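Student: Could we go through this model together? I'd like to start with the charged side chains and then move on to the rest.

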Amino acid sequence: MELDLAGAELKSVLNRLRRAQGQISGVIRMIEEGRDCEDVITQLAAASRALDRAGFAIIATGLQSCVADIESGRKNGEDAEQMRARMEKLFLSLA
């Protein structure tokens with residue numbers, strides 16, 4: 001399955017990933033500076049949420065692609081159940 005993000009979807013995912021990247025850099029800096037544990041965890045939680053949202057957006061696009069493949073009859077050698085199981089595994093990997 002190819003990742004087929006276009007336009008606004010691509011921009012949104014990239015923005016979320018860049019935000020997470022900045023937040024992770026901030027967490028590293030905070031730890032190096034000996035900042036308060038509560039502040040570090042708050043920042044780390046924000047980075048985690050940004051990564052989760054980017055992952056869910058990518059999976060949603062993958063689901064759309066799988067549905068389109070099933071509807072058009074292009075299943076890349078996989079039947080609908082195999083595709084569903086693969087997408088479910090990806091989705092659960094973010095849980």
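Student: Which residue does E33 form a salt bridge with?
Tutor: E33 pairs with R35, and their closest N and O atoms are 3.9 Å apart, where a salt bridge is defined as a side-chain nitrogen of Lys or Arg within 4 Å of a carboxyl oxygen of Asp or Glu. Side chains of opposite charge can pair when their charged atoms come close.

Student: And how many salt bridges does that rule give?
Tutor: The count by this rule is one salt bridge.

Student: Are E33 and R35 buried or exposed?
Tutor: E33 is exposed, with a relative accessible area of 52%, whereas R35 is partly exposed at 43%. Buried here means under 20% relative accessible area, exposed means over 50%, and partly exposed is in between, with a 1.4 Å probe and protein chains only.

Student: Before going on, what should I keep in mind about the source of these values?
Tutor: This is a predicted model, in which local features need pLDDT of at least 70 and side-chain atom pairs count only at pLDDT 80 or more, while totals for chains, interfaces and linings use all residues. Residues are numbered from 1 along each chain as its sequence is written, and side-chain values use heavy atoms, with hydrogens and water left out.

Student: Where is confidence lowest, and where is it highest?
Tutor: The pLDDT, which is the predictor's confidence in each residue from 0 to 100, is lowest in helix 3 (residues 80-93), at a mean of 77, and highest in helix 1, at 89. Over the chain it averages 80, and 80% of the residues score at least 70. Where pLDDT is low, the predicted coordinates should not be read in detail.

Student: What is the overall pattern along the sequence?
Tutor: The pattern is α-α-α, with three helices and zero strands in the chain; helices (H or I, at least four residues) and strands (E, at least two) are DSSP runs, numbered from the N terminus.

Student: Back to helix 1, then: how many residues does it have, and what span does it reach?
Tutor: Helix 1 has 26 residues and reaches 38 Å from its first C-alpha to its last, close to the 38 Å expected at 1.5 Å a residue, the expected span being 1.5 Å times one less than the number of residues. Helix 1 is followed by G34, whose phi is positive, near 70°.

Student: Which residues of helix 1 are buried?
Tutor: V13, A20, Q23, G26, V27 and M30 are buried there.

Student: Q23 caught my eye; what does Q23 touch?
Tutor: Leaving out residues up to four places away in sequence, Q23 touches Q43, A46, A47 and A50, a contact being heavy atoms within 4.5 Å. Q23 counts as buried because its relative accessibility is 13%.

Student: Switching to the surface, which residues form the nonpolar patch?
Tutor: The patch consists of L10, L14, L17, I24, I28 and L51, with about 440 Å² of accessible area together, and its largest share, five residues, comes from helix 1 (residues 7-32). Patches are made of residues with over 30% relative accessible area and no salt bridge, with like charges joined within 9 Å and nonpolar side chains (Val, Leu, Ile, Met, Phe, Trp, Tyr) within 5 Å. One of the members, I28, is partly exposed, with a relative accessible area of 45%.

Key
Accessible areas come from the Shrake-Rupley method with a 1.4 Å probe; for residues, only the protein chains shown count as cover.
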